[in-house]
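Reader: I've got a fold on my screen and would like to learn how to read it feature by feature. Could you walk me through it?

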Amino acid sequence: MQVRQSIHSDHAKQLDTAALRREFLIETLFTADTYTMTYSHTDRIIIGGIMPVTQSVTIGSEVGKQLGVSYFLERRELGVINVGGPGVIDVDGTQWEIGNQEALYVGMGRQSVIFSSNDAARPAKFYYNSAPAHRTWPDKKITLAEASSTTLGDAATSNRRTINKFIVPDVLPTCQLTMGLTRLEEGSLWNTMPCHTHERRMEVYFYFDMDEETAVFHMMGQPQETRHLLVHNEQAVISPSWSIHAGVGTKRYTFIWGMVGENQVFDDMDPVQIGDLR
Ligand SMILES: O=C(O)C(=O)C[C@H](O)C(=O)CO
Ligand SMILES: [Zn+2]
């Protein structure tokens, strides 16, 4: 488990490229037959990827020890979106078939969560976020058709995209975690521009569906003090409350956003006018 401390905006603005990447970028999410895990002190979100290939994978009691509990989800909830081939998540003996771009919410208190792929040649890639929880809500699979979806933007501003809200109050109850997947149309490159910050929550962006030649310039920093991170396929960025989060790709791409914090109102954003950005 990697730990990332919280970071003050005054400190962040002094960092060079390597230090910005060390603080905010998660470079490797998927490693065959194991899980990756980054623990952020920002709202104590956990971010990671699970890629079972030749064997199933579980987040075992070693993580419970690191978190000071008996098992991973003793005091946490979990959201998973599969960005690979079809797979199965076994939650305390119930098997959930999770296909590409389908999600599973797992409530606090589930003791055994085992991830496997249906086909080693096309392994599942389970991207996950986990947040501290205070009660158990029912586990639920969410398909793309069941997500709450909105298409917005247009070709003239190169930001035509569909926001698929998988884990949001309209679809299912959770303690604090919300997650969704935003898909840019061919020829569209910008996400979340005009951009915003979130005084009352943090957010993580996970970029995928990109070929080797594609990169996303992820915009971050305070609106008057912007920086960028060069992000490649299947990498994630931690975005503290004070930071804008937006990106422009050299080609279209898809990304998953996950949020935790004070409330679950999707539109609770502090908008920034493009003319005010520096
Ligand atoms: O394309 C977008 O715009 C988004 O997907 C925005 C994110 O969902 C977000 O930043 C929510 O706060
Ligand atoms: Zn946001």
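Author: Sure. Keep in mind that this is a predicted model. Let's start with exposure: a residue with 20 or more other C-beta atoms within 10 Å is buried, one with 12 or fewer is exposed, and the rest are partly exposed. Asp 92 has 13 such neighbours, so it counts as partly exposed. It sits in the loop between β7 (87-91) and β8 (94-98).

Reader: What is the phi of Asp 92 near?

Author: Near 45 degrees, which is a positive value in a residue other than glycine. Asp 33 is another case, with a positive phi of about 65 degrees although it isn't a glycine either. Look for Asp 33 in the loop between β2 and β3 (38-40). With 15 C-beta neighbours inside 10 Å, Asp 33 is partly exposed.

Reader: While we're on backbone torsions, which residues does a cis peptide bond join?

Author: Check omega for that one. Between Met 193 and Pro 194, omega is about 5 degrees, and the bond is cis. Pro 194 belongs to the loop between β16 and β17.

Reader: Now the sheets. What is the strand order in the open sheet of seven strands?

Author: Read it off from one edge to the other: β2-β21-β18-β23-β15-β14-β13, with antiparallel pairing. The edge strands, β2 (25-26) and β13 (148-152), each pair on one side only.

Reader: How many bridges are there between β13 and β14?

Author: Five, in the antiparallel sense. To follow the register, take Ser 148, which stands opposite Lys 165 in β14. From Lys 165 you can carry on to β15, where its bridge partner is Gly 180. Six bridges join β14 to β15, again antiparallel. Then β15 (residues 178-184) pairs with β23 (residues 254-261) over six bridges, also antiparallel. In that pair, Leu 181 stands opposite Ile 256.

Reader: Is β14 mostly covered or mostly open?

Author: Mostly covered: five of the seven residues in β14 (residues 161-167) are buried.

Reader: Which strands form the open sheet of four?

Author: That one runs β16-β22-β19-β20, with antiparallel pairing. Its edges are β16 (190-191) and β20 (225-231), each of which pairs on one side only. Between β19 (residues 216-222) and β20 there are seven bridges, and Met 220 stands opposite Arg 227 there.

Reader: How do I read the packing? Which residues touch the most other members of the largest nonpolar core?

Author: Think of a core as a contact network and look for its hubs. This core has 71 residues, and Ile 81, Ala 103, Phe 206, Tyr 207 and Val 237 touch the most other members. Strand β18 (residues 201-208) gives the most to the core, with six residues. For a look around one hub, try Val 237: beyond four places in sequence, its contacts include Phe 24, Leu 25, Val 204, Leu 229 and Val 231. His 218 and Met 220 are also among the residues that Val 237 touches.

Reader: Which residues does the "binding site" annotation cover?

Author: According to the unreviewed UniProt entry, His 196, His 198, Glu 203 and His 245. They span 50 residues in sequence, yet no two of their C-alpha atoms are more than 11.3 Å apart, so they gather at one spot.

Reader: Is His 245 buried or exposed?

Author: It has 24 C-beta neighbours inside 10 Å, so His 245 counts as buried. You'll find it in the loop between β21 (235-239) and β22 (246-249). Leaving aside neighbours within four places in sequence, His 245 is in contact with Thr 192, Cys 195, Glu 203, Tyr 205, Met 220 and Ser 239. By contrast, His 196 is partly exposed, with 18 other C-beta atoms within 10 Å. His 196 lies in strand β17 (residues 196-197). Farther along the sequence, its contacts are Ile 244, Met 269, Asp 270, Pro 271 and Val 272.

Reader: Last one: which residues surround ligand 1?

Author: Arg 161, Ile 163, Thr 182, Asn 191, Thr 192, Glu 203, His 245, Trp 257 and Met 269. By character, this shell divides into three nonpolar, four polar and two charged residues. Glu 203 and His 245, from the shell, are also covered by the "binding site" annotation.

How values were computed: Residues are numbered from 1 along each chain as its sequence is written. Chains are lettered from A and ligands numbered from 1 in the order in which they are written. This is a predicted model: local features need pLDDT of at least 70, side-chain atom pairs count only at pLDDT 80 or more; totals for chains, interfaces and linings use all residues. UniProt positions are given in the numbering used here, feature names are shortened, and annotations may be inferred rather than shown by experiment. Helices (H or I, at least four residues) and strands (E, at least two) are DSSP runs, numbered from the N terminus. Two residues are in contact if their C-beta atoms, placed from the backbone, lie within 7 Å. Two strands pair if DSSP finds at least two bridges between them. A residue is near a molecule or strand if its C-beta atom, placed from the backbone, lies within 6 Å of it. Ala, Val, Leu, Ile, Met, Phe, Trp, Tyr, Cys and Pro count as nonpolar, Asp, Glu, Lys and Arg as charged, and the others, Gly among them, as polar. A nonpolar core is a set of buried Ala, Val, Leu, Ile, Met, Phe, Trp, Tyr and Cys residues joined through C-beta atoms within 7 Å.
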